Number of protein chains: 2
Amino acid sequence: MIRLSKLTDYAVVILSFMARDSTKVRAAMELASATGIALPTVSKILKLLLNAKVLISTRGAKGGYALAKAPEKITIASVISALEGPIALTECSISQQGCEQASGCEIRGNWGLINQTIHNALESVTLADMNIPVRAQNSAWQNEILIPVASLYR
Amino acid sequence: MIRLSKLTDYAVVILSFMARDSTKVRAAMELASATGIALPTVSKILKLLLNAKVLISTRGAKGGYALAKAPEKITIASVISALEGPIALTECSISQQGCEQASGCEIRGNWGLINQTIHNALESVTLADMNIPVRAQNSAWQNEILIPVASLYR
DNA sequence: TAATTGAGGACTATTCTAGTCCTATTTAAC
DNA sequence: GTTAAATAGGACTAGAATAGTCCTCAATTA
């Protein structure tokens with residue numbers, strides 16, 4: 001399974017909650033009780049999102065966190081990279097240092113295609129999308145997806 | 001970063017090597033020295049791929065492993081799920097047990113959209129694609145990608 | 001029957017992740 | 001001005017997951 005860390009999952013939950021009233025400033029404490037996630041953990045996540053400029057913060061009494069942009073402009077890709085760094089499936093796709101395998105390394109570049117596809121997918125979904133209830137959309141939307149990566153070669 | 005385990009990465013390297021002469025039967029030992037991956041590790045990976053029916057095996061002297069299908073028919077998705085189980089980003093997307101968060105769980109279904117998109121991306125790339133040298137394709141192919149997940153809602 | 005090779009599983013060490021906690025800094029309200 | 005309410009930033013710990021190794025059994029061929 002391709003894994004996303006729990007923290008990232010929590011982050012999306014927290015942000016989705018914030019997106020419901022997207023201009024409101026909320027204290028870490030408030031977010032913790034609203035989402036059921038422990039305060040220190042929420043705090044840690046908020047700091048990461050702050051560094052990535054997904055959130056803005058106000059210190060002091062009555063301070064708290066708020067979304068830095070409209071929910072429609074916050075992509076899932078940006079949330080993931082805030083918590084986990086660059087989006088890529090393999091080590092080699094990130095670090096430029098050549099890998100040590102004796103052969104098979106021509107493959108590396110091709111991972112890039114896959115990474116890019118996944119990145120595009122995550123870039124196309126925003127926080128605003130996450131709050132919309134799921135409808136009977138599954139059969140329809142699958143057919144609309146069009147990813148001609150492989151077909152480029154043929 | 002969305003992570004794929006090292007074993008999965010190795011698996012793709014091994015399979016790509018095998019795909020170059022796709023009907024040949026190769027011993028684990030041979031694959032280990034060809035790829036530079038330690039024999040016990042190669043062995044472990046081959047067993048997983050065998051269970052997932054990506055490979056077929058022959059026991060005994062002159063035995064070894066071979067691809068169960070043509071490289072064009074072995075998708076990256078099938079390789080990943082052979083080594084890591086079902087492809088999904090979050091725990092909840094796999095296990096049906098309701099999550100314990102106090103709120104925010106309407107989100108779950110929406111992860112499904114993202115998971116499906118990624119799955120489709122991985123399904124569209126095969127072993128055969130991985131062996132083709134990377135060309136000056138980046139500018140062109142990015143524009144061809146079309147993932148209207150978000151647009152479905154608008 | 002001996003040599004070669006896979007099958008299956010147990011086991012260990014290390015790395016990574018999740019989660020907690022402490023102290024300093026900033027701001028608002030009284 | 002002082003106190004209380006918040007964030008900022010980092011250090012730290014326990015637990016889980018991963019990578020990797022090893023051992024014994026089964027099957028096939030020469």
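This dialogue goes through some labels used for a predicted model of protein chains with DNA.

Trainee: Why is A:Lys53 called exposed?

Mentor: Its relative accessible area is 63%. Exposed means over 50%. So A:Lys53 is exposed.

Trainee: Where is A:Lys53 found?

Mentor: In the loop between α3 and β1 of chain A. A:Lys53 has a positive phi of about 65 degrees, although it is not a glycine.

Trainee: What makes B:Lys62 count as exposed?

Mentor: Set 83% relative accessibility against the cut-off. The cut-off is over 50%. B:Lys62 therefore counts as exposed. B:Lys62 lies in the loop between β1 (55-58) and β2 (64-67) of chain B. Its phi is positive too, about 65 degrees, and B:Lys62 is not a glycine.

Trainee: Turn to the DNA. Which residues are closest to DNA strand D?

Mentor: A:Ser57, A:Arg59, A:Tyr65, B:Lys6 and B:Lys44. In total, 25 residues surround the strand. They divide into 10 nonpolar, 8 polar and 7 charged.

Trainee: Which elements supply at least two residues each of that surface?

Mentor: From chain A, α3 (39-51), β1 (55-58) and β2 (64-67). From chain B, α1 (6-19) and α3 (39-51).

Trainee: What makes the pair between A:Lys47 and DNA strand D a polar contact?

Mentor: An N or O atom in the side chain of A:Lys47 is 2.7 Å from a base nitrogen of DNA strand D. The limit is 3.5 Å between N or O atoms. So the A:Lys47 pair is a polar contact.

Trainee: How do you know that A:Arg59 and A:Ala28 make polar contacts with the strand?

Mentor: Apply the 3.5 Å limit again. A polar side-chain atom of A:Arg59 lies 2.6 Å from a sugar or linking oxygen of DNA strand D. For A:Ala28, a polar backbone atom is 2.8 Å from a phosphate oxygen of the strand. Both pairs therefore qualify.

Trainee: How many of the strand's atoms within 4 Å of the protein belong to sugar or phosphate?

Mentor: 69% of them. The rest belong to bases.

Trainee: Now the interior. Which residues have the most contacts inside the largest nonpolar core?

Mentor: A:Ile2, A:Leu49, A:Leu122, B:Ile2, B:Leu49 and B:Leu122. The core has 75 residues. It draws at least three residues from each of domain 1 (6-85 + 126-153) and domain 2 (87-123) of chain B.

Trainee: What is B:Ile2 in contact with, leaving aside neighbours within four places in sequence?

Mentor: Its partners include A:Ile2, A:Leu4, A:Ile118, A:Leu122 and B:Leu89. A:Arg3 and A:Glu84 are also among them.

Technical notes:
Residues are numbered from 1 along each chain as its sequence is written. Chains are lettered from A and ligands numbered from 1 in the order in which they are written. This is a predicted model: local features need pLDDT of at least 70, side-chain atom pairs count only at pLDDT 80 or more; totals for chains, interfaces and linings use all residues. Side-chain values use heavy atoms; hydrogens and water are left out. A residue is near a molecule or strand if one of its heavy atoms lies within 4 Å of it. A polar contact is a pair of N or O atoms within 3.5 Å; within protein, one must be able to donate a hydrogen and the other to accept it, and residues adjacent in sequence count only if both atoms are side-chain atoms. Helices (H or I, at least four residues) and strands (E, at least two) are DSSP runs, numbered from the N terminus. Ala, Val, Leu, Ile, Met, Phe, Trp, Tyr, Cys and Pro count as nonpolar, Asp, Glu, Lys and Arg as charged, and the others, Gly among them, as polar. Buried means under 20% relative accessible area, exposed over 50%, partly exposed in between (1.4 Å probe, protein chains only). A nonpolar core is a set of buried Ala, Val, Leu, Ile, Met, Phe, Trp, Tyr and Cys residues joined through side-chain atoms within 4.5 Å. Domain bounds come from an automatic or database domain assignment. Contact means heavy atoms within 4.5 Å.
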